[in-house]
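Colleague: Mind walking me through this model over a coffee? I'd like to hear how you read it.

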Amino acid sequence: MGVGIEVTNLNAWYGTNHTLQEINLKIPANHATALIGPSGCGKSTFVRCINRMHETNPIARVTGTVRIGDLDIYEDAKPVEIRRRVGMVFQRPNPFPTMSIYDNVAAGLKLNGYSNRHELDEIVEKSLKNSALWDEVKDDLRKKSGASLSGGQQQRLCIARALAVDPEVLLMDEPASALDPVSTSKIEDLIFQLKSQYTIVIVTHNMQQAARVAENTGFFLNGRMVEFDSTHKIFTNPSDKRTEDYITGRFG
Amino acid sequence: MRTLTDHAVTGLAVLATVLVVAPLVAIFVYLVYKGASSLNLDFFTQIPKPVGESGGGMANAIGGSAMLLGLGSLIGVPIGIGGGIFLAEFGRGTKLANAVRFTADVLNGVPSIVMGIAAYSLVVVPQGHFSAFSGGVALGIMMIPTICRTTEEMLLMVPNAVREAALALGVPNWRSVLAITVKTASPGIITGCMLAFARVAGETAPLIFTAFGNAFWSSNLNQPIAALPLQIYVYAISPYEDWHRLAWAGALVLIVLIVLAVSLVRYVTSRGVLKGAS
Amino acid sequence: MVIAQVPEIRIHQSQLLPAPGSPEEKRPAKAVSREISAIRAFLLSRGNSAMADRGFHGLMVLCALSIFGIVALIATELVLRSKMAWGQFGLDFFYKAYLDTYTGQPMYWDPVNGHFSALPFLYGTLVSSFLALLMAVPLAIGIAVFLTEMCPRWLRAPLAFTTELLAAIPSVIYGLWAVFVLVPLLREHVNPWLIKGLGWTGFFGDDNPTGLGFLAAGVILAIMILPIVSSLTREVMLAVPHSQREAVLALGATRWEMIRMGVLRNARIGIVGAVILGLGRALGETMAVTMVIGNSSEIHRSLLANGSTMASVIANQFAEASGDLHLSALMEIGLALFIVTIIVNAFARLLVWMVTRGAPSSTH
C-alpha cells in the first residue's frame, strides 16, 4: 500500500550547479503524479532525491526535508532502508545482464537475504503478472537472461523487479522514453493499473503521457517547481504563464 | 621517385613483420621438433635420474610448479581483485587511486630477479632455508599488478546503470559490488587472473633463490621444491645431452600450457567480455 | 485495508484493459496481498548493513594499500641488505676500479679479495640493452606501421596474436632456444663474417670462439622486447586522430608521406615512450641473458666478448655468494636495478599517457 510524500524546502546541487531550488510539494498516496518540464529542468534530480540515489554521485549534495509517510528519509534512516521502500524504474531498461529473468525479479529480495524459495516463486510470478510480462516469459524464467528480452519487455522486467520488494512508492524516470510506441502504451496501461496500489511518481517529457496516466502534474523549469495541480487543471487552465507557454508548445 | 619510396617503405614494413614472425616460428618449430621427440609417459611420471642413467622425467617439477602457482594464486588473486575493486568502485578519481595505480605499474616493472632477491631477504633469510613457501610468495606478488589492473578495467566496463539498479533496490553496497558488478565482470576478471597465471608460470628468476629446486618429490611448503622453468634452466646450462633433451621436453610442456591459456583468454575477450551488458 | 480497495479498482481497470481471466487473476492477487506485508516486514527487519559496508570498503582499501606495502617492503629490504656494500664502497661502487697489485690491471669484481665494483655490469647492461634497442626499434615501428596502415584485415588478428604469443613465451625458453640455436648460428655464420668485415673497428674481436657474449644477449633481448614496443607503438599510432591522416592525404601525399607526416610525427612522443618501456624490460631481463652473455666480470670493447648484466650477475652468483659483503654487493646491484627500472618505467608511462590520453583506449 502506498504512502504520501511530503517535500519541504528541497535544494540539490551537482558540484556548484544548483539543480533544484526550494521545492515544496505534497504527493498524495495511491495516485500517479507526473512531473513534466524541458530537459535539464531538475525533474530527474527530484525523483532521485526521493530515494536518495542523488547522493550516489560523490559531487552531489542535498538540503531540505523529504517525508515518506511519517519517515523523514534524510534524518531517520540510511539510504538502503529508504531504497527498499521506494522502487525505481530508470530511463533505460537496466536488467542485470548475468541473471535469468527469475533472478532479476527476485534480486531485490535475494540480495537482501530473503531465502524462502517457495515464497520467492510466488512473488516472482505475482510481480511478473503485475507488470504484464508473465505470459510472455513464463516458459523460460530460468533459461533466458534478462538481457535477452526486447527493450519493452526489459522495461517491464525492471518494473517487476521493483514491484517484487513491495515498495510503498514507485519512482519512474522517463520509463518509456527509450521504447517504441507499442511498448510505451503497454507501460502506460501498467502504470494505470498499478497506481491504485502504489504511490507513483513519473517523470516524463511527453505531455500526452502525463495527461493519460496521472491525476496530478507538476511543472518544473530551471530547477524550480513552477506549478503543481490536478492534471486536468494544468493542461486546461494553468495558472502560471510559463506553464501555459510550455503546454502550448511555445518553448521546450 | 615518391611512389618508389612508398613502395620501398611498404616492402620494409612487410620485411619487418616477417623478421618478427620468423623467430617465433623458429622457436616453435624447434621446440616441437626437439621437445616432442623427448616427450613420453616417463616425462610426466618419473623424477629425474642421476647423470649417466638415461630416462627419467620431470614429474616432480610439474607437481612443484603446480604447488607454487597454487600458492601464488592464493596470495595474488584476492589482493589483486580487492585492489581492482577499490580502484573501480571506491577510489574513482581520488588521489589515493592514482597512487595505487602508479604503484601497481611500478610493481609490474620490477625486474623478476629483483623480486627474487626481495623474496629471499623477506622470507628465506628469516626462515633460515629455501622453501616452496618463499617461491609462492614471490610468484604471488608478481601476479598482483596484472590482476589488479585488469579487474579495474573490467569493472569499469560494467555500465553504471547496472550499479544503480542494484542500489535502487536497497541492496547494501558490498553486496551490490560482489553479486552484481563483480559478477557481471567476472569473465573478464577470470581472464586477467589467467593472464597473470600464464605470466608467472614461466618465471624462473624469482625462484632461483627461493624455491631453489629439488631433485626429488616434495610437497612440503617448508622444503625446497622443484619447478618446471627452474629445471629447464638447470638442464639447459648443463653439459649433458640427456638433460638437454629433458629441457626441451619441459619447455614444450610449459609453452603448450601457456599458449593454451593465452588462446583461451583471447577467445574469451574476443567473444565480448560482457556479453549482454548494453 | 488493501483487500477492500482491490475489487473496486479491478472494475475500473477492466474497462481500460481486456483483463485476463478474472477468477484466475483474483486468487493470486489476494494471496499476494497477505504476503506483501510479510515481505515488507522482512525488509524492514533487515539492518542498514552500515557495518558490513564499512568493513567491505575497509578490506578493499587494505588490498589496495598492501600494494604500497609490498613495494615499500621490497625497497626497505634491498636498502637494508645493501647497506654493508654501500658503507664499504659508497658511490665508488658504480664507477671505480682498483688496480691489481700484481698485474697492474684494473679489477672490478673480485670476491676473493673482497673488492666489488658494479661497473662491468652497468656497462654490460647498457651495451646489451642498447644493442637490443638498435635492432628492435626499427622492426617494431615497421610492424606497427604495417599493422595499422597497410595490413589486410584478415591478417591483422593473427599477427596481433603472434606478437601477443611472443610476449607470453617465458624468458627461460628464449634462453634455451638461444643457447642451442641462436648462439651456434652466430658462432658459425655471423661472427666470422663480422670479424672479417668490421674487425678493424675494434668492436668485433676474434678472441671469443664460443658465440656467447654481448651480441647474442642483444639479439635475444631484441626478440624479447619486440612485442611490447610494437604493441605500444601501435597503440599510440592508433591514437592519432583520423583527421590528421586525411589532412595529409588531401594534400596529395603518398601513403608513406601520410604515415611519416600524418602519423609518425604526431605519435613520436608516444613512440619514444614505447621504446623507453622496451628499454625498461631489457634492463631487467634476466634468464635468457644469463644463459647467453658468457658471465664474465670484465669490461671488453668487443661486442663478441663475454660480459654480464646487472640482472645476470645476480642470477649467477647470488646462490653461491662467498660471504656477506659479496651478498650485500649483489643486493646493491639489485637496488640500483630496482631504482633505474622505476624511473625508466615512470618516464615511459608518462610519455605514452601524454599521447593516448583522450584517445579511445585500444587494449584489445
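What follows is a short chat about backbone angles, salt bridges, a pocket and one loop residue.

Modeller: Quick housekeeping: this is a predicted model, where local features need pLDDT of at least 70, side-chain atom pairs count only at pLDDT 80 or more, and totals for chains, interfaces and linings use all residues. Residues are numbered from 1 along each chain as its sequence is written, chains are lettered from A and ligands numbered from 1 in the order in which they are written, and side-chain values use heavy atoms, with hydrogens and water left out.

Colleague: Fine. Where is F212(B) found?

Modeller: Its backbone is worth a look, since phi is near 70°, a positive value in a residue other than glycine. Most residues other than glycine have a negative phi. F212(B) sits in the loop between α10 (205–208) and α11 (228–236) of chain B (helices are DSSP runs of H or I, at least four residues, and strands are runs of E, at least two, numbered from the N terminus).

Colleague: And N295(C), is that buried or exposed, or in between?

Modeller: N295(C) also has a positive phi, about 55°, without being a glycine. N295(C) belongs to the loop between α10 (287–292) and α11 (310–317) of chain C. Buried means under 20% relative accessible area and exposed over 50%, with partly exposed in between (1.4 Å probe, protein chains only). At 28%, N295(C) is partly exposed.

Colleague: Now charges. How far apart in sequence are E89(B) and R163(B)?

Modeller: Their side chains form a salt bridge, 2.8 Å from N to O, the term meaning a side-chain nitrogen of Lys or Arg within 4 Å of a carboxyl oxygen of Asp or Glu. E89(B) lies in helix α3 of chain B and R163(B) in helix α7 of chain B, so the pair ties together parts that are 74 residues apart.

Colleague: Which residues join R101(B) in a salt-bridge network?

Modeller: R101(B) meets E152(B) in a salt bridge at 3.0 Å, N to O. R101(B) lies in helix α4 (residues 95–109) and E152(B) in helix α6 (residues 132–157) of chain B, so this pair ties together parts 51 residues apart in sequence. Through shared partners, R101(B) is joined into one network with D105(B), R149(B), E152(B) and R349(C).

Colleague: How many salt bridges are there over all chains?

Modeller: One of them pairs E215(A) with K195(A), with the closest N and O atoms 3.1 Å apart. A search of the whole structure finds 24.

Colleague: Which residues are closest to the centre of the second largest pocket?

Modeller: On a 1 Å grid over the protein atoms alone, a pocket is an open set of points where a 1.4 Å probe fits, with protein on both sides within 12 Å along at least five of seven lines; lining residues have an atom within 4 Å of a point. This pocket holds about 1,000 Å³ of space (the space filled by probe spheres set on the points, which are joined across faces, edges and corners). Of the 29 residues that line the second largest pocket, the closest to its centre are E55(A), T56(A), E89(B), L167(B) and N173(B).

Colleague: Last one: what does T210(B) touch?

Modeller: T210(B) lies in the loop between α10 and α11 of chain B, and at 0% relative accessibility T210(B) is buried. Counting contacts as heavy atoms within 4.5 Å and leaving out residues up to four places away in sequence, T210(B) touches G116(B), A119(B), Y120(B), V124(B), F130(B), S131(B), S134(B) and G135(B).
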